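Subject: Structure handover

Hi,

Here is the structure I promised to pass on to you. Please have a look at it first, and then read my notes underneath.

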Amino acid sequence: MQYNLYSRIFSRVADMSAPCIRTAEGETITYGDIDALSARYANVLRNRGVVIGDRVAVQVEKSPEAIILYLACLRVGAAFLPLNTGYTAAEVEYFIGDATPHVFVCDPSKRAGLAPICERLNVDGLLTLDAGGKGTLPEAAESAESDHPTAAVEASDLAAILYTSGTTGRSKGAMLTHSNLASNAQTLVEYWQFTEKDVLLHALPIFHTHGLFVATNVVLLSGASMIFLRKFDVQAIRRHLPEATTLMGVPTFYTRLLKEDWLNHDTTDHMRLFISGSAPLLAETHRQWTSRTGHHILERYGMTETNMISSNPYDSERVPGSVGFPLPGVSVRVTDPATGAILPTEEVGMIEVKGPNVFKGYWRMPDKTRSEFREDGFFMTGDLGVFDENGYLSIVGRSKDLVITGGYNVYPKELEDEIDALDGVVESAVIGLPHSDFGEAVTAVVVLEEGVTLSEESVLRALDGRLAKYKLPKRVLFVDALPRNTMAKVLKGDLRNTYRKLYADDGVLT
Ligand code: AMP
């Protein structure tokens, strides 16, 4: 049995001349092209000494070549390790030190800053790839062989490592196996009825599970094609929507599109499916979309560690505000967070999940891995949820104070640490507040030393460049003291309540 995800994808491709990726610039890359190019990239990696089990870390802009690099890693049997393009050099240094990749591929513009880090941390190869598909990697690929045997891996061998931010301590690398990715993609292809006739409008980033695994693996495994947009842009969506059959997005895509006059029944009539995930889709957005287009957005739920867990059904009712049923082969239960006892329907508790989709553990963190799993193998997601009497799951909140802004996770502690380190700051609390566009807007509540005055602008300026842009606060508020309970814990719920209308003027909040 060949467990390599690459073999599973390409053993099914009936027509190698069929389109796989189409770019906004009008270029078409066929399955055959992808097969030949990924072999060339795989040979470049092999020539640099990459072998089964090695990590290949990648911080590059979205491009078809980045997908080819992902597939090349699968062919070599190396673990693909994509990093958010917004990470600063200091942040990247942590990931390189932790993951010890054999090769690192970065944008040419970042090479000078990253080269000394790679040298210090003994990374053997530093290659470049830019948004236009140029760089030392594609250059080396030109003279490499265009065939490459696909590595025979075990089902439990790593296909990828995706870092998730941690509320305490540093980021954790989620180890995803060939069988995790293949089984989940196959389930989604069947559940969402993808075929080779589908054309997915792909506007998500590809360093995250949503754009890389949910969107890309589903397209590849069904022999479909995708229109590959560099980023979400309403005008580009408008231009390419007529050629598409499906769209996958974060809720922000849908709230932004709803502001467009051209969005109506006629312009979306040909579409088969609109899918949303990665953050809660407001029930109101779901309803507005249906009234404007006649389509019911299909909302699904998952996370980096588990791939997709649940989905609203394809053929029956898609319930606004719900994330649907556990996917076939995936077991989901809701438990009492304190005791672990399984709770009955309609009681809120911790969502726990078990199945072939669930990751192998955190990279080099056996204790952390053990603490997140129950003895019977269920993984504790950290999300609080509830099943209704019809078996639909809803997420009611996060047990941790994660902020999800535009589909990205921001862990307050990381930003609080940066703010607290500024001159004149006593302490801070970072919260997410409702925002019609971002879902939640990162907001910092700051206490200053007595006699010190700082402006909002000066705090924002001081933070700029220290963390990825999406993690920075949209607003900074100053207070005399943070609300605390008797155990001295900051009451973030109270803060959220006090400022819940802060962004109400930025759009209609329901
Ligand atoms: P990530 O690992 O970045 O994919 O983030 C996973 C987290 O996003 C989950 O643990 C949930 O808290 C949240 N999430 C994903 N999908 C949904 C959804 N449909 N509704 C609400 N929250 C979601």
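Where is the place of Asn307? Asn307 sits in strand β14, with strands (E, at least two residues) and helices (H or I, at least four residues) taken as DSSP runs and numbered from the N terminus.

Before the rest, a word on the source. This is a predicted model, in which local features need pLDDT of at least 70 and side-chain atom pairs count only at pLDDT 80 or more, while totals for chains, interfaces and linings use all residues. Residues are numbered from 1 along each chain as its sequence is written, and side-chain values use heavy atoms, with hydrogens and water left out.

Back to Asn307. Its phi is positive, about 55 degrees, although Asn307 is not a glycine. Most residues other than glycine have a negative phi. Asn307 is buried, at a relative accessible area of 2% (buried is under 20%, exposed over 50%, partly exposed in between, with a 1.4 Å probe and protein chains only).

Asn122 also has a positive phi, near 60 degrees. You will find Asn122 in the loop between α5 (111–120) and β6 (125–128), and with 63% relative accessibility it counts as exposed.

Asn307 also helps to line the largest cavity, together with Leu181, Asn184, Ala185, Leu188, Thr209, Phe213, Val214, Asn217 and Met308. A cavity here is a set of points on a 1 Å grid over the protein atoms alone where a 1.4 Å probe fits but cannot get out; a pocket is an open set with protein on both sides within 12 Å along at least five of seven lines, and lining residues have an atom within 4 Å of a point. The elements that give two or more residues to this cavity lining are α7, α8 and β14 (307–311). The structure holds one cavity of 30 Å³ or more, and the largest has about 40 Å³ of space. By class, its lining has six nonpolar, four polar and no charged residues.

Helix α7 (residues 178–191) reaches 20 Å from its first C-alpha to its last, close to the 20 Å expected (1.5 Å times one less than its number of residues). Of its 14 residues, 10 are buried, including the cavity-lining Leu181, Asn184, Ala185 and Leu188. After α7 comes Gln193, with a positive phi near 55 degrees.

The second largest pocket has a volume of about 910 Å³. Its lining has 39 residues, and Pro205, Phe207, Lys231, Phe232 and Tyr408 lie nearest its centre. Among the elements giving two or more residues to that lining are α3 (64–76), α8 (209–222) and α10 (251–257).

Around the ligand there are 17 residues, the closest being His208, Glu299, Arg300, Thr304 and Asp383 (near means a heavy atom within 4 Å). A nitrogen atom of the ligand lies 2.9 Å from a polar side-chain atom of Glu299, and a polar backbone atom of Arg300 is 2.8 Å from a ligand nitrogen. From Thr304, a side-chain N or O atom is 2.6 Å from an oxygen atom of the ligand.

One last spot is Ser109, in the loop between β5 (103–106) and α5. Ser109 is exposed, with a relative accessible area of 63%. Ser109 and Asp130 are 21 residues apart in sequence and 8.3 Å apart in space, C-alpha to C-alpha.

Happy to talk it through whenever suits you.

Best wishes

Key: Points joined across faces, edges and corners; volume = space filled by probe spheres on them. Polar contact = N/O pair within 3.5 Å; in protein donor to acceptor, adjacent residues only side chain to side chain. Nonpolar A, V, L, I, M, F, W, Y, C, P; charged D, E, K, R; others polar.
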